[in-house]
Structure formats: C-alpha cells, structure tokens
Amino acid sequence: KKEMSFFESLGSILNNRVFLPLLLAFIIATIGRTFNSAIALYYYQYRLGLKESDVVINILLPFFLVLMISIPFWVWLSKKIGKKIPAFLGVFLLGLLTVIAYPLFPYGEIRPPLIVAFFGGILAGSILIMDSLLTDVVDYDEWKTKQKREGIYFGFWKMGVKFSQAIGIALTGFMLDFIGFDQNAVTQIPEVGFRLALIFGPLVGFFFIAGSLVFLFYPLTDKKHIAIQKVLLKSKQNGSN
C-alpha cells in the first residue's frame, strides 16, 4: 500500500499542470547555465586571447558580484509586479544578450565582455525567481490535495538540478569534440575560436530563451497564490481551534 501511495503521489506530481512547466523551464535554463560555465574559460582563451587570471578577476568575479547584488532588485520587482513577468523577461533577455553579444567581441579586448558581464549578471539573478516559485507550487498542491507533500517536490526539484547539470556537462564534452577542440593541445586550429563563439553565444542563449518560453506556460498567478495562502491559513487556524 505504501508503495502504491508513493507511485500515486508521483503520478499526481508529474501531472501537476503548475509544477511541470516550472520544472521543465528550470531544467532547460540550468542546462544552458552549466554548459556556459563549463566552456567559459575556453571561449575567453581561444576566441578572445585573454589570460585565465584576467578573465577570473576582470569578468567572472564582477559577473558573480553583480548577480548577488541584483537579487534584492529581483525580489523587490517580484513583490511589485508579480514573479512571472520578471522571471520570463530576465531569462529571455539573458538569452538574447548571449546570442547576440558573444560572437561579436573583438580579439584581445576585455572591456566589451566586462560590460556584457555586468548586464548579464543582473539578468541572471532572475533565474532565482524560478527557484522561489517552488514554494508557491507546494502551497497550490496542499490546497488542491489537502496533503503536505513539500518533501517530494523539493526532492524532484533537486533531482531536476542534478539531471540538468549532468546533461550540461555531457553536452560540453560532445560539443567540444564536435567543433574540433583538443583539450590536450596548447594551440587549436584557427576555426575553433569562431566555433567556440557560436556555441558559447547562440547555443547557450538558445537554452535560456527556450527555458523562458516554456515558463510562459506556468499558470499560477500571484493573485491566485495569495488567495490560496489565505485559504490554507484559515484552514490551519480552524484546525488549531
């Protein structure tokens, strides 16, 4: 019985019209983010001719600092206009910026990628909104089923993260081989730099854009969630009396 109960819960979670588009959107965006991180240093070294130390200090570090600083902005914006629009626009524009900017940077210049890293860091903070929406889904499920099943949802979410990271790493190895990149060689064939720009730009951007478009199917509005929270709170108050 317990086993059947688990599988019944599993089936209802996978059929949850609120959870599934959120999970798929987050998985797709995380594949892009993992792939981006895995080939970043190769792109900057072999496409732009920049030293690893310069990239870490002058591009990657500012990117992560701006990302962290941007989080309060996204929290404020979500409270102001709701979570769905900021999450969609942030991830979509991040994808668009990635597609357009990275193939166009001039060789040996550090300032253009630094400027893009600044704006990219701001936009990347919006991905965290998708993370925060999981608690809204848990509330929706409790309202719908009258059961508290947050453990199963958070477990699936973590599995989704691990799965997307594994796919991103596997994709990295496949694409590097596909473009003729030799990780054991000191120098690469001339075409590799341009090919790196294409997979670091348009391909990574594709995942962000695709994730944002899937996210548009997420149906739970902030207004609906607030109403659900009120029902749940009232139910708990009645239960404690």
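**Figure 1. The salt bridge between K148 and E142 in the predicted model.** In this predicted model, K148 is exposed, because its relative accessible area is 54% and exposure begins over 50%. The partner of K148 in a salt bridge is E142, and the closest N and O atoms of the two are 3.7 Å apart. E142, in contrast to its exposed partner, counts as buried, with a relative accessibility of 12%. Side chains of opposite charge can pair when their charged atoms come close.

**Figure 2. Q147 and its contacts.** Q147 is located in the loop between helix 6 and helix 7. Is Q147 buried, partly exposed or exposed? With a relative accessibility of 41%, Q147 counts as partly exposed. When residues up to four places away in sequence are set aside, Q147 touches D141 and E142. E142 is also the salt-bridge partner of K148, while D141 forms a salt bridge with R149.

**Figure 3. The salt bridge between D141 and R149.** The closest N and O atoms of D141 and R149 are 2.7 Å apart in this salt bridge. D141 counts as buried at 4% relative accessibility. R149 counts as buried as well, at 9% relative accessibility. D141 is also one of the residues through which helix 6 makes its contact with helix 7.

**Figure 4. The packing of helix 6 against helix 7.** Two packed helices are described by the angle between their axes and the distance between the axes. Helix 6 spans residues 127–145 and helix 7 spans residues 150–178; their axes come within 10 Å and cross at roughly 150°. Helix 6 is therefore roughly antiparallel to helix 7, since the angle is over 145 degrees. The crossing of helix 6 with helix 7 is right-handed. Which residues make the contact? Helix 6 contributes M130, D131, L134, T135, V137, V138 and D141, and helix 7 contributes E150, Y153, F154 and W157. By class, the residues of this contact comprise 7 nonpolar, 1 polar and 3 charged.

**Figure 5. L22 and its surroundings.** L22 belongs to helix 2, which covers residues 19–46. At 0% relative accessibility, L22 counts as buried. Leaving aside residues up to four places away in sequence, L22 touches M130, L133, L134, V137, W157, F215 and Y218. Among them, M130, L134 and V137 of helix 6 and W157 of helix 7 also take part in the contact between those two helices. L22 and L216 are 194 residues apart in sequence, yet their C-alpha atoms are 9.0 Å apart in space.

**Figure 6. The salt bridge between D136 and K83.** The count of salt bridges in the model comes to 3, and one of them joins the side chains of D136 and K83, with an N to O distance of 3.3 Å. Where do the two partners lie? D136 is in helix 6, and K83 is in the loop between helix 3 (52–81) and helix 4 (84–101), so the pair ties together parts that are 53 residues apart in sequence. Both D136 and K83 are buried.

**Figure 7. The packing of helix 3 against helix 4.** The axes of helix 3 and helix 4 are 8 Å apart and make an angle of about 135°. The two helices are therefore oblique to each other. On the side of helix 3, the contact involves W74, L77, S78 and I81, which meet I85, P86 and G90 of helix 4. This contact has 5 nonpolar and 2 polar residues, and no charged residues.

Terms used
Residues are numbered from 1 along each chain as its sequence is written. This is a predicted model: local features need pLDDT of at least 70, side-chain atom pairs count only at pLDDT 80 or more; totals for chains, interfaces and linings use all residues. Side-chain values use heavy atoms; hydrogens and water are left out. Axes are lines fitted to C-alpha atoms, for helices over the stretch in contact, and angles run from 0 to 180 degrees between N-to-C directions. Helices (H or I, at least four residues) and strands (E, at least two) are DSSP runs, numbered from the N terminus. Angles under 35 degrees count as roughly parallel, over 145 as roughly antiparallel, 65 to 115 as roughly perpendicular and the rest as oblique. A crossing is left-handed if the near helix is turned anticlockwise from the far one by less than a right angle, and right-handed if clockwise. Contact means heavy atoms within 4.5 Å. Ala, Val, Leu, Ile, Met, Phe, Trp, Tyr, Cys and Pro count as nonpolar, Asp, Glu, Lys and Arg as charged, and the others, Gly among them, as polar. A salt bridge is a side-chain nitrogen of Lys or Arg within 4 Å of a carboxyl oxygen of Asp or Glu. Buried means under 20% relative accessible area, exposed over 50%, partly exposed in between (1.4 Å probe, protein chains only).
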